[in-house]
Amino acid sequence: MKSVFFGAVSATALIASAVHAEPKAEVLHWWTSGGEAKSVAVLQEEFAAQGGVWTDMPVAGGGGDAAMTALRARVLSGNAPTAVQLKGPAIQEWYEEGVLADISSVAEAEGWADVLPASIAGHMKCDGTWCAAPVNVHRVDWIWANAAVLEANGIEMPTTWDEFNAAAEKLEAAGIIPLAHGGQAWQDATVFEAVALGILGPDGFQKAFVDLDMDTLKSDEMKAVFDQMRTMRGFVDPNFSGRDWNLATAMVMNGEAAFQIMGDWAKGEFIAAGKAPGEDFLCASVPGDGFLYNVDSFAMFDVEGEDNKAGQELLAELIVGQNFQKVFNLNKGSIPARTDVSLEAFDSCAHLSSKEMTESSDNGSLLPSYAHGMALRGAQAGAITDVVTAHFNSDMSSDDAVNMLADAVANSM
Amino acid sequence: MTKWLEQNTPKLVLAPSFIAVLIFVYGFIAWTAWISFTRSRLLPRYDIEGVIQYERLFASPRWDTALNNLFVFGFLFIVIAMVLGLVLAILLDQNIRTEGALRTIYLYPMALSMIVTGTAWKWILNPGLGIQAMVRGWGFEEFTFDWLVNPDMAIYTIVLAAIWQSSGFVMALFLAGLRSVDGEIIKAAQVDGIPTWRIYTAIIIPSMAPIFLSAFIVLSHLAIKSFDLVIALTGGGPGYATDLPATYMYAMAFSRGDIGQAASSAMIMMMVVFAIVVPYLYSELRTKDE
Amino acid sequence: MSDLSMSQATGQNRTGKIILRWVLYLALGLFALFYLMPLFVMITTSLKSLDEIRTGDLIALPRDVTLDAWRTAWSGACTGIQCEGVRPYFWNSILIAIPAVAISTLLGAMNGYVVAQWQFRGANIIFSLMLFGCFIPFQVVLLPMARMLGIMGIAGTIPGLIFVHVIYGLGFTTLFFRNYYVSIPSELTKAAKVDGAGFFRIFWSIFLPLSLPIIVVTVIWQFTQIWNDFLFGVSFSQAGTQPVTVALNNIVNSTTGVKEYNVDMAAAIIAALPTLFVYVVAGKYFIRGLTAGSVKG
């Protein structure tokens with residue numbers, strides 16, 4: 001397979017690889033907005049400080065869709081970038097196409113296995129060798145709230161979905177939008193998986209969205225998940241379609257709405273607007289046990305040239321290094337992937353996230369987010385999202401939704 | 001030798017373009033056809049596996065929606081944009097003093113990338129922010145304009161934005177056409193006292209048949225390509241109510257790593273388009289030949 | 001020359017004509033408002049501060065006008081690690097668009113001239129095949145094209161992007177010129193041939209001078225398509241050759257970052273300035289084309 005794709009390695013790449021040269025890396029990523037870009041810039045500075053030459057290849061859009069388009073074109077033209085922001089099972093998919101490089105030597109020298117939670121380390125391995133380096137851990141199953149609104153209405157952060165529903169009805173009666181939500185497929189999916197984790201429990205979630213167990217997908221519990229989604233639909237304002245997630249966050253900030261279910265990048269919006277965690281806004285995990293993670297990582301592609309290989313090794317070492325893990329995640333709102341980084345400078349939400357990640361890792365409820373491409377391959381995750389968003393945006397019954405879900409998953413294989 | 005060269009110059013001039021089109025259009029269609037019979041996922045693979053991708057495609061309710069939307073969107077967009085473009089061109093052709101400014105205003109939407117214009121449209125069409133909120137603010141409390149958030153109507157917002165973007169170019173085409181109509185015939189007609197509207201319907205518009213052909217091709221091309229527009233305005237939502245074949249294909253090929261499925265959807269889409277376009281072009285070109 | 005103006009208005013229906021004239025201007029004005037609406041939203045947003053956008057009405061006039069967003073968009077917004085705005089990418093787009101527009105327009109003019117005036121057996125079939133090429137969805141060609149560019153050794157380069165744009169522009173440019181040239185009487189070519197002029201001579205000295213309006217239309221179309229192209233730009237570029245649309249996309253489309261709508265809007269307008277410039281200039285030549293056209297009549 002490999003020879004087909006690299007039959008014609010572009011001449012420029014060969015000429016460019018000098019005889020004995022400094023580490024080089026062309027890095028394809030989709031972190032282009034202010035805070036994210038600054039975070040990557042930290043990596044570039046460290047890379048340069050070690051004598052590396054960093055070529056930036058940013059492509060934003062669609063949560064990485066555009067970058068993946070560019071990546072395919074680059075790989076097919078025999079001109080793959082040296083390091084690429086990739087995550088979840090996509091790493092293993094690219095490995096199967098025979099285009100990834102092995103970075104086990106760095107991983108073993110740096111002792112990654114000892115500092116990464118086991119389930120996260122699993123995502124970084126391909127057939128037993130290390131093929132990617134993790135950057136951060138975003139928690140997806142957060143519920144954010146406006147502290148003043150909750151207080152004014154005498155509401156505590158809900159710990160069960162029934163409590164959530166009761167609180168929402170109370171808020172609705174008080175003329176406040178209970179749930180700020182943006183009607184985009186990925187946001188629908190984000191809420192759906194948070195609800196599913198609460199209702200199915202960690203084991204059920206694992207069976208449904210990691211193992212794709214048909215019985216679980218068709219079970220009565222899954223119907224209950226869709227029922228709750230239908231209830232949630234009633235708590236959303238009528239103009240939610242197509243709204244960007246950050247505008248939904250702004251609704252919580254303004255007190256127009258009370259809650260939002262969104263990953264911890266929402267924290268960045270609150271903080272950018274000068275709000276303080278615990279005072280102006282509250283963060284808590286959604287009702288139910290478990291922890292859904294969304295881990296960003298970089299995979300190294302198989303490229304020619306000593307300088308490029310040196311660049312890949314240096315990059316991998318720096319990404320998992322203590323300093324970058326700390327600085328990057330302070331900027332981004334997530335927490336470090338390695339568990340031995342001091343969290344002194346982090347805020348209370350990050351502390352909560354870190355504590356629950358360790359607990360979940362110990363009791364086996366640390367689970368990959370399906371909505372953010374950590375649990376399933378693109379085709380299956382996409383098929384589930386199609387059903388979730390179709391159900392949420394129509395009057396489909398839960399029975400129909402469950403049947404469609406099973407059909408769609410079967411058809412996506 | 002020079003004689004041969006002289007006789008064959010036209011063919012030699014056309015040859016490079018023709019060869020390029022053969023390879024980069026028809027060759028690539030053939031490639032896509034091949035891939036549509038494989039199990040290609042992340043990258044193309046070449047082992048034929050039968051019609052499995054087509055079976056999957058027709059089992060997908062989302063594809064049904066996308067194909068339906070192509071008919072609704074394509075028909076409305078092409079017809080309305082063509083009529084609007086023609087009307088604007090005729091109006092502008094009446095010795096309008098501010099023609100230069102107006103022409104630029106009608107044309108400028110083409111210049112803006114939909115990546116951002118989509119956001120502006122999204123705000124304008126959002127019931128809570130845009131037109132509906134504004135009109136209600138004027139005191140018309142019952143006024144409702146919620147197409148964007150209504151799954152049954154959302155596709156029409158795509159039509160609206162697409163017409164906004166492209167009708168100016170159609171106007172430019174027709175304006176160029178109007179100005180190449182033979183002035184002598186019109187003067188003669190005016191001398192005969194034929195009313196202006198009759199001169200348009202009986203003489204000018206029929207003489208612009210080739211322009212209609214250009215406009216049709218440009219608009220169908222844009223309709224098939226409408227991709228940025230959907231992504232920026234609705235993202236295919238609510239649900240997947242505004243999905244089009246182009247967005248379906250892109251999602252399959254690039255975000256879901258299902259290239260075989262994308263190829264089969266591309267083949268069906270091209271078949272549909274050719275089934276509609278080929279007869280039209282054929283009849284147009286034939287009448288021209290006679 | 002379609003000079004159907006009011007020159008013939010006679011006394012008794014002059015008032016009617018004046019009313020008609022007002023209706024005409026009113027209609028044109030209303031259309032202008034429809035076309036300007038999104039631009040209004042974009043410009044007002046680009047003049048607001050982010051705080052005002054966050055707290056206020058999205059489509060209201062700005063309370064405090066600030067040009068910060070424009071400055072940031074031009075030279076400070078992050079498009080990746082570099083935070084230099086869209087400025088550095090402008091040059092790439094110019095390097096891609098100008099040759100690609102020039103080459104595809106020239107080829108289109110020659111092709112159109114052959115198909116319209118130098119018919120040979122099979123010419124119409126070739127023309128039809130080229131036309132159908134206009135309908136291929138670009139998403140389909142991305143992957144095989146990437147492979148071809150790799151084989152040709154121009155993957156990720158500016159010549160590679162020019163090549164792609166020329167290829168997929170040919171159908172349209174040929175169509176435009178063919179449809180324009182078929183309306184020119186073939187006697188003109190015949191007479192020139194009798195006078196001993198050859199294929200190229202007739203093209204240069206007779207057809208090209210008549211082509212101003214259609215060249216304007218073609219250039220508008222090609223320049224718009226190429227300048228605004230994102231799909232090819234993102235797929236066939238590499239670091240250093242990315243066009244301005246990719247930079248714009250990088251500014252606008254952050255998934256998990258803070259959205260700066262004012263900078264987005266300013267960047268979009270800046271990125272569109274060259275196309276707008278082409279429209280204003282080209283518009284003038286529409287009128288010139290009209291004058292040139294009257295010579296032929």
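Domain bounds in this report come from an automatic or database domain assignment. The model is predicted: local features need pLDDT of at least 70, side-chain atom pairs count only at pLDDT 80 or more, and totals for chains, interfaces and linings use all residues. Residues are numbered from 1 along each chain as its sequence is written, while chains are lettered from A and ligands numbered from 1 in the order in which they are written.

Chain C is assigned domain 1 (6-75) and domain 2 (87-296). The centres of these two domains of chain C, taken over C-alpha atoms, are 30 Å apart. Two residues are in contact if their C-beta atoms, placed from the backbone, lie within 7 Å. Helices (H or I, at least four residues) and strands (E, at least two) are DSSP runs, numbered from the N terminus. Nonpolar covers Ala, Val, Leu, Ile, Met, Phe, Trp, Tyr, Cys and Pro; charged covers Asp, Glu, Lys and Arg; the others, Gly among them, are polar.

The table sets out two contacts.

| Side | Residues given | Partner gives | Top element | Make-up |
|---|---|---|---|---|
| domain 1 of chain C | 12 residues | domain 2 of chain C: 11 residues | α3(C), six residues | seven nonpolar, four polar, one charged |
| chain A | 39 residues | chain C: 34 residues | α3(A), seven residues | 17 nonpolar, 16 polar, six charged |

On the side of chain A that touches chain C, the elements giving two or more residues include β2 (53-58) and α15 (265-272) of chain A.

In chain B, the unreviewed UniProt entry places "transmembrane region" at spans including residues 70-92 and 153-178; such annotations may be inferred rather than shown by experiment, feature names are shortened, and positions are given in the numbering used here. Residues 70-92 of chain B are 100% helix and 0% strand, with end C-alpha atoms 32 Å apart. Residues 153-178 of chain B are 96% helix and 0% strand, with end C-alpha atoms 36 Å apart.
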